[in-house]
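Me: I would like a close look at a single part of the model shown here. Please keep the account plain and work outward from that part to whatever it touches.

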Amino acid sequence: MERRNAWHEYTEQQLQEIDTLATKYRHFLDHGKTERECVDQIVAAAEAAGYRNMDSVIKEGITLKAGDKVYYVHMKKAVAMVNIGTEPIEKGMNILGAHIDSPRLDVKQNPFYVDSDLALLDTHYYGGIKKYQWVTMPLAIHGVVVKRDGTVINLAIGESPTDPVFCVTDLLPHLGQEQMEKKAAKVVEGEQLDLLIGSRPVKGELKDGVKAYVLQVLQEQYDFEEEDFLSAELEIVPAGATRELGFDRSMIIGYGQDDRVCAYTSLIAMLETDNVSRTTCTLLVDKEEIGSVGATGMQSRFFENFMAELLEAMGHSSPLAVRRTLSNSHMLSSDVSAGFDPLYASAFEKKNAAFLGRGVVFNKFTGSRGKSGSNDANAEYMARIRHLMDQNNISYQTAELGRVDLGGGGTIAYIMALYGMNVIDCGVAVLSMHSPWEVTSKADIYEAKRCYLAFLAAKGE
Ligand code: MN
Ligand code: MN
């Protein structure tokens, strides 16, 4: 049972819509290389669409009713948005969820050193990466430095053509004989992923001159000192913008598409969906790549707390109301799928693989070694989804993450399923997932957005 390539079906107008969406998506990626940068863009878009900050709703004691739209930001790294429908909220919401953190190198708390007149920053990688992929390419530093007095300095160095960039070096092949004998996991090791950031000494300063020069630049241009690294969150990411890929420009190559491709399309669908009967909700969260932990990850109670506040503001103060709302909700937990790669065909089982260009992907289950750690969606729920996709003529496919027992992965689906709601994993197929430059198909991005629009507008029972 093969699924059709979505490109066969498109009208001229749809082809234009595909390119418009792809251009806006690329802008989002180019300006959203950290969770915080994504949140800033999401909040700006939400406010422009009439969403109000939940904090001010609480503070001003505003009563919320059908047609009201609110958003809530947790610690600048996770966002929840709700558009209140005309149907009683306890009948459940239609929820979209995705994550906005991506694999990268994080700067350590005490990172700065100079060796042999080269200034370096020590890093600890974030999420699952193949370390050898992160060397010898221009890298940018994004993030915040928070000074003792609470002043927040926002950094994004390496994106403008006039900015400097940074890099992690690698050994030349001429001397690489021993290195090349090593297993790929050991070719470049975690402690070797240090970032080259300077080499020029302060003139005449023979001892610690290189260190002094870099610190002088940090002070003069960015207004912080070495000790301020202690309270910084600096993320090292590939420098430069996304590009169109292929002679036919059918694909996008860019950093952080896992999972900003699902986050962006969910956001746009949420913003474009108005006057709903069933309440709609979009959740864009942090820390998925390290297990959805921490206050801004999906395992945090921040979403449940927000729901309690929302229901209180709607006049439902019983704790049962929150539980009913959540357990009666339906969710698409969106995350990227491994796109079938003919160069690595043996990693996949072709009947149950996701293919670029064949539309949005549904994973009834994820997990590894016997579905472990997976949310296994109900057949009944999958049937509803099929019906919805067919009704709206959306190209979709179903897949597993690779061949059985080869590896696997998790998403945020199982965490939302803890509330007893129907959840299914869904998303966009990606080539070279978790690499510095991931690849997606414009058609799949378009179909994902169409899928989210249809899902948000779907009626309850
Ligand atoms: Mn992901
Ligand atoms: Mn991932």
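In what order do the strands of the open sheet of three strands come, and is the pairing parallel or antiparallel?

Reply: This is a predicted model. The three-stranded open sheet has the order β11-β12-β22, and its pairing is antiparallel. Its edge strands are β11 (243–245) and β22, each of which pairs on one side only. From one strand to the next, the twist averages 35°.

The pairing of β12 with β22 can be followed in some detail. Strand β12 covers residues 251–254 and is joined to β22 by four bridges, with the two strands running antiparallel. Within this pairing, Ile253 stands opposite Val439 of β22. Helix α7, residues 257–272, packs on the sheet and touches both β12 and β22. The direction of α7 makes about 30° with that of β22.

Helix α7 also leads to a second sheet. This helix lies across β3 (78–83), β4, β13, β14 and β20 (422–427), and it runs at about 150° to β4. Those strands belong to an open sheet of nine strands with mixed pairing, in the order β1-β2-β3-β13-β4-β14-β20-β16-β18. At its edges stand β1 (52–53) and β18 (396–398); each has a single partner strand, so one side of each has no neighbour in the sheet. Strand β4 (residues 93–99) pairs with strand β14 (residues 330–334) in the parallel sense, over four bridges. In that pair, Ile95 stands opposite Met331 of β14.

The metal site is the remaining part of the picture. Asp258 (OD), Glu289 (OE), Glu289 (OE) and His434 (NE2) coordinate the manganese ion (ligand 2), at 2.1 to 2.5 Å. Along the chain, the donors of this ion follow the spacing D-x30-E-x144-H. Asp258 also bridges the manganese ion (ligand 2) and the manganese ion (ligand 1), and the two ions lie 3.1 Å apart. Glu289 sits in the loop between β13 (279–285) and α8 (302–313), while His434 sits in the loop between β21 (429–430) and β22 (438–441), so this pair ties together parts that are 145 residues apart in sequence.

Both of these loop residues can be classed by their accessibility. Glu289 has 13% relative accessibility and therefore counts as buried, the limit being under 20%. His434 counts as buried because its relative accessibility is 17%.

Methods: Residues numbered from 1 in each chain as written. Chains lettered and ligands numbered in written order. Predicted model: local features only at pLDDT ≥ 70, side-chain atom pairs only at ≥ 80, totals over all residues. Heavy atoms only, no water. Donors = N, O, S within 2.8 Å, 3.2 Å for Na, K, Ca; no water. Buried < 20%, exposed > 50% of the residue type's maximum accessible area, 1.4 Å probe, protein only. Pairing = 2+ DSSP bridges. Axes fitted to C-alpha atoms, helices over the stretch in contact; angles between N-to-C directions. Contact = heavy atoms within 4.5 Å.
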